[in-house]
Amino acid sequence: MQGKARILRALRREMPDAVPTFEWFIDTAVGRAMTDSDDPLDIAERLDLDGVNIRPDYRKEFQDDNTLVDEWQIRRQPTGDCLPALLDSPILDITRHTRYQFPDPAAAHRFGTLERALDRYGDGRAVVLNLRDGFSDMRDLLGYEEALMALLLEPRAFSELLDRVVEYNLQLAAAARQRYGIEIVATTDDVANATGLLMRSETYFDVIAPHFRRVMQGYKELGYLCIKHCDGKVDALIDFWIECGIDALDPIDPSAGYAMAEMKRKYGDKICLKGNVDCTGALCTGTPDEVVQEVRQCLRAGAPGGGFILSSSNTIHRGVRPENYRAMLQALREYGRYPLSD
């Protein structure tokens with residue numbers, strides 16, 4: 001069975017021939033050490049991952065050695081890891097957000113990387129379109145602190161801008177579906193940390209929840225299977241997200257106290273689960289043998305009955321030891337075929 005078929009079956013809570021795997025990001029230094037390439041498409045192919053995560057393309061240019069700006073007019077600083085740090089955001093006054101113009105969702109270059117992935121893989125690997133469900137775009141457009149303050153002090157303007165953000169992501173999703181037949185969308189918007197939500201649950205449900213429902217229903221109406229990513233402790237939101245139509249939840253964050261066995265018991269009959277080999281623990285500081293044991297534990301807990309995608313608990317960041325990620329993949333290939341063997 002090819003990788004795309006494995007992931008589609010897992011997302012539908014059906015039984016593939018083996019547990020699939022893919023990552024949101026693989027740091028270039030880790031990927032290079034394992035494959036001799038910096039190209040994410042090379043890395044996914046040479047590691048024989050079942051899928052690859054692709055963001056829309058936005059042109060970037062360096063203002064100096066430490067600052068780049070993109071089409072959103074967001075300024076970032078490279079960190080040496082897979083994600084740059086946010087420096088400056090383009091919307092300084094949320095009450096005047098209508099003056100801000102979003103990038104063209106239909107620009108000719110918007111899906112260049114996605115096209116390369118489809119041309120290269122065909123149906124061999126799943127091409128997962130990584131969009132947003134709202135909050136992360138708000139954070140980028142306003143700034144971290146400013147977004148949280150606006151949520152409290154300017155809820156009406158926040159809601160209006162979030163409505164524009166949702167509409168923009170739905171336009172991107174519609175274009176990718178209509179042009180290329182993409183079947184899976186993933187939204188990597190974090191609204192929590194290890195101790196709980198970044199805002200009061202009442203605030204989330206009053207202001208953000210209606211827009212989350214709209215964007216998820218929009219993705220589903222377009223025909224997508226939807227993976228919802230959020231680090232941290234999200235007990236207050238999981239049932240709502242499932243009600244809104246998500247097909248999978250990632251990463252079942254061990255730093256928030258989540259164990260795969262308990263999450264499988266609670267939610268395995270409703271959604272697919274993705275995770276959760278600890279990318280702050282064994283993958284960074286453990287031995288390959290310790291990683292193998294953690295993989296086997298995840299498989300025993302999450303894989304029975306299908307509806308499971310094995311991955312790190314977030315990303316393969318620069319702190320992950322290449323030999324440990326290789327051990328994770330090798331263990332999956334050895335122990336992750338159905339019917340499972342202990």
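Below is an informal back-and-forth about a predicted model, going through its sheets, one helix pair and a few single residues.

Me: In what order do the strands of the seven-stranded open sheet run?
Reply: The pairing in this sheet is parallel. Going from one strand to the next, the twist averages 25°. The order is β1-β6-β7-β10-β11-β12-β13.

Me: Which strands stand at the edges of that sheet?
Reply: An edge strand has a single partner strand, so one side of it is left without a neighbour in the sheet. That describes the strands at residues 51-54 and 308-312. Those are β1 and β13.

Me: Which residue is the bridge partner of A248 in β12?
Reply: Strands of a sheet pair through backbone hydrogen bonds, either parallel or antiparallel. Here β11 (residues 248-250) and β12 (residues 272-277) pair in the parallel sense, over two bridges. On the β12 side, the partner of A248 is C272.

Me: And how many residues of β12 are buried?
Reply: β12 spans residues 272-277. This strand is mostly covered, and the buried count is six of its six residues.

Me: What about the four-stranded sheet: what does its twist average from one strand to the next?
Reply: This open sheet has the order β2-β3-β4-β5, with antiparallel pairing. β2 (60-64) and β5 (85-88) each have a single partner strand, so one side of each lacks a neighbour in the sheet. From strand to strand, the twist averages 40°.

Me: Which residue of β3 does F62 stand opposite?
Reply: β2 and β3 run antiparallel and are joined by four bridges. Across from F62, in β3, is L68.

Me: Is I74 buried or exposed?
Reply: I74 sits in the loop between β3 (67-70) and β4 (75-77). Leaving out residues up to four places away in sequence, I74 touches L68, V69, L86, D88, P90 and D140. Its relative accessibility is 2%, so I74 counts as buried.

Me: How far apart in space are I74 and L142, C-alpha to C-alpha?
Reply: In sequence, 68 residues separate I74 and L142. In space, C-alpha to C-alpha, the separation is 9.5 Å.

Me: Are α7 and α8 roughly parallel or roughly antiparallel?
Reply: α7 covers residues 155-180 and α8 covers residues 201-221. Their axes are 10 Å apart and pack at an angle of about 10°. Angles under 35 degrees count as roughly parallel, and α7 and α8 are therefore roughly parallel.

Me: How many nonpolar residues are in the contact of α7 with α8?
Reply: The α7 side includes F158, L162, V166 and L170, while the α8 side includes V207, I208 and Y219. Charged residues take part too, among them D163 and E167 of α7 and R214 of α8. By class, the contact has four polar residues, three charged ones, and a nonpolar count of ten.

Me: Which residue's side chain is joined to that of T188 by a polar contact of 3.1 Å?
Reply: T188 is in strand β7 (residues 184-188). At 17% relative accessibility, T188 counts as buried. Beyond four places away in sequence, T188 touches W24, N130, L131, R132, S136 and H229. The side chain joined to T188 at 3.1 Å is that of N130.

Me: How far apart in space are T188 and D36, C-alpha to C-alpha?
Reply: T188 and D36 are 152 residues apart in sequence. C-alpha to C-alpha, the distance in space is 28 Å.

Me: Is K4 buried or exposed?
Reply: K4 lies in helix α1, residues 3-11. Buried means under 20% relative accessible area. K4 has 18%, so the verdict is buried.

Me: Which side chain does a polar contact of 3.1 Å join to that of K4?
Reply: Not counting residues up to four places away in sequence, K4 touches D50, D123, G124, R125, A126 and E183. The side chain joined to K4 by the 3.1 Å polar contact belongs to D123.

Me: How many of the nine residues of α1 are buried?
Reply: The buried residues of α1 are G3, K4, R6, I7, L8, A10 and L11. The helix is largely enclosed by the rest of the structure because its buried count, out of nine, is seven.

Me: Which residue with positive phi follows α1?
Reply: α1 spans residues 3-11. The residue that follows the helix has a phi near 60°, and that residue is R13.

Conventions:
Residues numbered from 1 in each chain as written. Predicted model: local features only at pLDDT ≥ 70, side-chain atom pairs only at ≥ 80, totals over all residues. Heavy atoms only, no water. Axes fitted to C-alpha atoms, helices over the stretch in contact; angles between N-to-C directions. Parallel < 35°, antiparallel > 145°, perpendicular 65-115°, else oblique. Contact = heavy atoms within 4.5 Å. Nonpolar A, V, L, I, M, F, W, Y, C, P; charged D, E, K, R; others polar. Buried < 20%, exposed > 50% of the residue type's maximum accessible area, 1.4 Å probe, protein only. Polar contact = N/O pair within 3.5 Å; in protein donor to acceptor, adjacent residues only side chain to side chain. Pairing = 2+ DSSP bridges.
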